[in-house]
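Here's a walk through some side-chain contacts, with a look at what is covered up and what is not. Have the structure open and follow along.

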Amino acid sequence: MSSLETRQLRYFVAVAEERHFGRAARRLGMAQPPLSRAIRELERQLGVELLTRTTRLVTLTPAGETLLADARLALDAVATAEHRARRSGRQPVLRLALRADYDAGLLPKILDAYDELPVELLLGGRGEQVPPLHDGRADVALLPTPLDEHGLDVEPLLTGPHVVALAATDPLAARATVRLADLAGRRLPDGTRAELGGREPVPAGTRSLDVSQIFSLVEVGCIVWFLPEWAARRFPRPNTAYRPVDGLDPATLAVAWPAESRSRAVAAFVRTARQVAQAAVDDDWPEPTTLSA
């Protein structure tokens, strides 16, 4: 592995994941012939066949499967090293990953109370907060659960009910409560089936939508959207109805950080977030209510 180049590993991973040289070349932004030559040179260099090629299909050999797993780890390690090296030469900041408008209104109060370091926000969609914690782009995250806690320390801050956002003209908006089964045939913003309650894996390559895009699609009946009631309270809209969902797990806001972190700044942020969240509960955290259109 020490004689291999990052470029070779990146080329091989693209072909192995796409199972097609043409698609891999487009993904890499290069022509197919030099990509094919690069993979043949990699096989010659290693002395093993990595791919089985036919006119329509590319499959991995056992050696290829092994290299794919190791290559992904190696590329992740290189990316993490790059992020950390660049950060070491910059003014210290705390990088906070979060899902836009999923902070339960706590973020301004946390930032007001936190004075250890300047805070830089890294906004993302569903599921986009955990990877930055692993690769060094973020130091800490505010995010909804459940999440993959491998390699992380996670502390819940607040828990409240979920609601579904529907077009005000949707027949389901006439009901006081909606069941997951009632949502059969409808899609969530990430393309998954609403009746599965957000438990379906997100298709690879799905483009994240911002809040304004989501509401535009909800209001014309193209999608529905699950969101915590605390987030719904921030978006009263005349063409959107919010209804409780029977069978949908409660929403929990948590703070998460890398388990190996020994940063005083991260510890101070977690402590501040915990104190602000507890104060919100003590100050009469809203009881569940039915939000009207």
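## A salt bridge to start with

Keep in mind that this is a predicted model. Let's begin with Glu17: its relative accessible area is 35%, so it counts as partly exposed. Its salt-bridge partner is Arg72, and the closest N and O atoms of the two are 3.1 Å apart. This bridge joins distant parts of the chain, since Glu17 belongs to helix α1 and Arg72 to helix α4 (residues 62-88), 55 residues apart. Arg72 has 38% relative accessibility, so it is partly exposed too.

The two don't act as an isolated couple: Glu17, Glu18, Arg23, Arg27 and Arg72 are linked in a network of salt bridges. Across the structure there are 19 salt bridges.

## Helix α1 itself

Helix α1 covers residues 6-18, which is 13 residues. At 1.5 Å a residue it should span 18 Å, and its end C-alpha atoms are indeed 18 Å apart, so the two agree. Which residues of α1 are buried? They are Gln8, Leu9, Tyr11, Phe12, Val13, Ala14, Val15 and Ala16. Just after α1 comes Arg19, with a positive phi near 55°.

## Two more salt bridges

Glu43 and Arg53 also meet through their side chains, in a salt bridge of 2.9 Å from N to O. That pair again links distant parts of the chain: Glu43 is in helix α3 (residues 32-46) and Arg53 in strand β1 (residues 51-53), 10 residues apart. Is Glu43 buried or exposed? With a relative accessible area of 10%, Glu43 falls under the 20% cut-off, so it is buried. Arg53, at 35%, is partly exposed.

Arg179 and Asp182 make another salt bridge, with their closest N and O atoms 2.8 Å apart. Here Arg179 is partly exposed at 46% relative accessibility, while Asp182 is buried at 15%.

## Aromatic pairs

Now for the rings. The whole structure has 3 aromatic pairs. In one of them, Tyr114 and Phe269 have ring centres 5.5 Å apart and planes at 75°, so the pair is edge-to-face. Tyr114 sits in the loop between α5 (107-113) and β4, and Phe269 in helix α9 (residues 264-282), so this contact ties together parts that are 155 residues apart in sequence. Both partners are tucked away: Tyr114 is buried with a relative accessible area of 7%, and Phe269 is buried at 0%.

Phe215 and Trp225 form an edge-to-face pair as well, 5.3 Å centre to centre with 80° between the planes. Phe215 lies in helix α7 (residues 211-219) and Trp225 in strand β9 (residues 225-228), so to speak distant parts of the chain, 10 residues apart. Phe215 is buried, at 0% relative accessible area, and Trp225 is buried at 6%. Add Phe235, and Phe215, Trp225 and Phe235 form one aromatic cluster.

## A charge over a ring

What sits over the ring of Tyr102? The charged end of Arg99 does, 4.0 Å from the ring centre.

## A nonpolar patch outside

Finally, turn to the surface. Leu111, Leu121 and Leu123 make up a nonpolar patch there, and together they have about 260 Å² of accessible area. Leu121 is found in strand β4 (residues 119-124). Its relative accessibility is 41%, so Leu121 counts as partly exposed.

Definitions and conventions:
Residues numbered from 1 in each chain as written. Predicted model: local features only at pLDDT ≥ 70, side-chain atom pairs only at ≥ 80, totals over all residues. Heavy atoms only, no water. Patch = residues over 30% accessible without salt bridge, like charges linked within 9 Å, V, L, I, M, F, W, Y side chains within 5 Å. Areas by Shrake-Rupley, 256 points an atom, 1.4 Å probe, with all protein chains shown as cover. Salt bridge = Lys/Arg side-chain N within 4 Å of Asp/Glu carboxyl O. Helix = DSSP H or I, 4+ residues; strand = E, 2+ residues; numbered from the N terminus. Buried < 20%, exposed > 50% of the residue type's maximum accessible area, 1.4 Å probe, protein only. Expected span 1.5 Å × (residues − 1). Phe/Tyr/Trp six-rings, centres within 6.5 Å; stacked < 30°, edge-to-face > 60°. Lys NZ or Arg CZ within 6 Å of the ring centre and 35° of its normal.
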